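Thank you all for coming this morning. I would like to walk you through one structure, and I will begin with how its two chains meet before turning to a single residue.

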Amino acid sequence: MPLEAPVEVMLAASAGNVLVWVVWVVAALALLSSGIAVVLFTNPFYSALSLIGNLASLAVLYLLLSGEFVAGAQVIVYAGAIVIMFVFVLAYLGGRADAPWAGGPTLQAAAAVVAAAAIALEVIVVIALAAGDQLSDTAEVTGAFGSPAEIGDLFLSDHLLAFEATSIVLLVAAVGGVILGSAMPQRSKAGAD
Amino acid sequence: MREPWWIDVIKAAVIVNIVMLSFAYATWLERKVLGRMQLRYGPNRAGPYGLLQPIADLVKLIRKESFSPTHAIDLLYFAAPVVAAFTALAAFSVIPFGGVWEIGGYEVSGRVADVSIGILLIFALGAIGIYAFLVGGWASDSKYSLLGSMRTAAQLVSYEVSLALSVLGVVIMAGSLSLVDIVERQQETLWYAAPQIVGLLVFFVAGVAETNRPPFDLPEAETELVAGYQTEYSGMRYGLFAMAEYVNMITLSGLAVTLFFGGWSGPVLPGPLWFVVKLALVVFVFMWLRATLPRLRYDQLMQVGWKVLLPVATLNAVVTAIVVVYA
């Protein structure tokens with residue numbers, strides 16, 4: 001019964017055959033196992049590499065949902081541009097050092113447990129809704145579904161506030177990066193004097 | 001109407017082999033072109049005009065002992081060249097090289113895969129390919145390899161942004177991310193090389209940097225870094241990295257032909273032949289650059305990427321968008 005929701009979604013991808021099933025199972029297993037690997041590896045370099053696998057298998061799930069543009073953007077932006085920064089920094093740090101979180105639970109670990117509990121609750125709610133037949137309607141997938149034009153239209157109409165807020169957050173992050181980057185050498189020079 | 005799956009399989013097998021063969025002869029052509037431009041003969045011992053030289057090189061690489069550093073991290077070290085070669089070859093699959101023919105009652109199209117997000121797929125595979133260079137250098141456990149792979153990653157990440165933005169103008173004009181649609185729009189109107197000349201220039205400069213070709217070959221600057229991320233690789237593992245670089249260059253040339261020079265369209269001659277002729281010309285320009293220009297310094301590389309190409313590419317995209325909307 002809990003598996004019913006994904007099956008419905010797959011049928012919505014208009015090719016509900018064995019191949020789609022196989023791809024979905026493989027991608028979902030890869031998604032889960034790479035996600036677990038991200039937290040279990042003590043070497044941060046391997047964690048970052050697992051994160052690439054995680055984001056790539058999520059892109060495969062998007063493909064099954066007919067979200068081709070989202071899948072492509074997911075790989076380019078997250079697996080490509082963002083994780084490469086992690087890998088870049090970790091490779092410079094040697095990458096064979098102990099994980100900074102090794103040695104006892106911290107506030108960070110506690111926060112992670114709380115976040116995981118919240119997501120688990122969400123999953124339970126979704127499964128319960130599926131069991132209650134509220135998610136069993138197959139989605140209408142038209143030809144333009146998930147196209148860049150349609151996504152852009154939604155960004156500038158229904159989700160305008162979230163879209164603009166995100167751009168401000170990113171701008172703040174960029175300014176913060178510049179400030180951190182330009183302040184660092186001066187501080188170390190003052191320390192050396 | 002739709003072609004059966006086995007035609008797709010045959011096409012994929014044929015195209016992969018043609019791309020690998022053109023990689024082999026691109027190395028021959030490069031050595032010949034460089035030789036002639038430096039008043040030398042280039043390879044001329046193996047076969048007529050040295051035409052068997054790539055075959056001889058292949059046999060040499062395969063028979064060579066593949067050394068690996070004792071402290072290398074095996075799985076990552078072995079997987080890196082494979083991933084690099086795979087992403088390079090896979091990216092070529094969405095580049096269209098001809099229209100649609102009818103062969104034996106089946107409609108056969110001149111492309112391995114017609115994807116609605118063709119350009120994004122090429123960039124996504126390129127983004128994964130960067131990891132191969134970075135991880136290969138890191139897993140080699142060598143200072144030169146690590147520094148080389150760091151340079152590669154920094155350079156590719158910097159120029160990927162300009163490369164993607166320079167393509168945006170073409171995408172806006174064609175109104176599609178599918179490479180087939182873009183070529184067909186150019187057949188209806190004109191080659192985008194004319195209205196998108198700024199985009200073409202940015203695309204080409206960023207493309208040369210993206211493929212680590214001279215004058216942007218800092219990741220492999222032999223005087224500073226031995227051979228960059230591939231220092232610790234030998235035999236066919238090195239061969240796979242070399243193949244990835246050449247195939248990336250061929251794919252990028254194919255992308256330039258498709259986006260700016262009308263793809264397979266042209267008079268009299270059949271489509272695929274036009275595509276190959278245009279592709280060969282672009283590849284020749286890559287080699288010409290290598291013979292002509294000295295290598296950039298690292299700070300110059302970053303200056304060009306972030307302070308020249310990125311603003312120009314952004315401006316080009318914005319102006320194109322305004323013109324398309326209001327004209």
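Let me start with a convention that we will need in a moment: when the angle between two helix axes is under 35 degrees, the helices count as roughly parallel, and when that angle is over 145 degrees they count as roughly antiparallel. Please also keep in mind that what you see is a predicted model.

With that in hand, look at helix α4 of chain A, residues 68-92, and at α4(B), whose axes come within 9 Å and cross at roughly 20°. Because that angle falls under 35 degrees, α4(A) and α4(B) are roughly parallel to each other, and α4(A) passes α4(B) in a left-handed crossing. On the chain A side, the residues that meet α4(B) include Phe69(A), Gly72(A), Ile76(A) and Val87(A), while their partners in α4(B) include Leu120(B), Phe123(B), Tyr131(B) and Trp138(B). If we sort the residues of this contact by type, we find 18 nonpolar, 2 polar and no charged.

The same helix of chain A also meets α5(B), and here the axes come within 11 Å and cross at roughly 155°. That angle is over 145 degrees, so α4(A) is roughly antiparallel to α5(B), and this crossing, too, is left-handed. Ala81(A), Ile84(A), Phe88(A), Ala91(A) and Tyr92(A) are the residues of α4(A) involved, and they meet Leu146(B), Met150(B), Ala153(B) and Val157(B) in α5(B). The residues of this contact divide into 9 nonpolar, with no polar and no charged ones.

Stepping back to the chains as wholes, how many residues of chain B are in contact with chain A? There are 17 of them, and they touch 17 residues of chain A. On the chain B side, α4, residues 118-139, and α5, residues 143-174, each supply at least two residues, and α4(B) gives the most, with 10 residues. Taken together, the residues of chain B that touch chain A are 16 nonpolar, 1 polar and no charged.

Finally, a residue within chain B: Gly235(B) lies in helix α9, residues 235-260. Is Gly235(B) buried, exposed or partly exposed? With 16 other C-beta atoms within 10 Å, Gly235(B) is partly exposed. Setting aside neighbours within four places in sequence, Gly235(B) is in contact with Leu61(B), Lys64(B), Glu65(B) and Ser66(B). As for Leu61(B), its C-alpha atom is separated from that of Gly235(B) by 4.7 Å, although the two residues are 174 residues apart along the chain.

Note on methods
Residues are numbered from 1 along each chain as its sequence is written. Chains are lettered from A and ligands numbered from 1 in the order in which they are written. This is a predicted model: local features need pLDDT of at least 70, side-chain atom pairs count only at pLDDT 80 or more; totals for chains, interfaces and linings use all residues. Two residues are in contact if their C-beta atoms, placed from the backbone, lie within 7 Å. Helices (H or I, at least four residues) and strands (E, at least two) are DSSP runs, numbered from the N terminus. Ala, Val, Leu, Ile, Met, Phe, Trp, Tyr, Cys and Pro count as nonpolar, Asp, Glu, Lys and Arg as charged, and the others, Gly among them, as polar. Axes are lines fitted to C-alpha atoms, for helices over the stretch in contact, and angles run from 0 to 180 degrees between N-to-C directions. Angles under 35 degrees count as roughly parallel, over 145 as roughly antiparallel, 65 to 115 as roughly perpendicular and the rest as oblique. A crossing is left-handed if the near helix is turned anticlockwise from the far one by less than a right angle, and right-handed if clockwise. A residue is buried if 20 or more other C-beta atoms lie within 10 Å of its own, exposed if 12 or fewer, and partly exposed in between; C-beta atoms are placed from the backbone.
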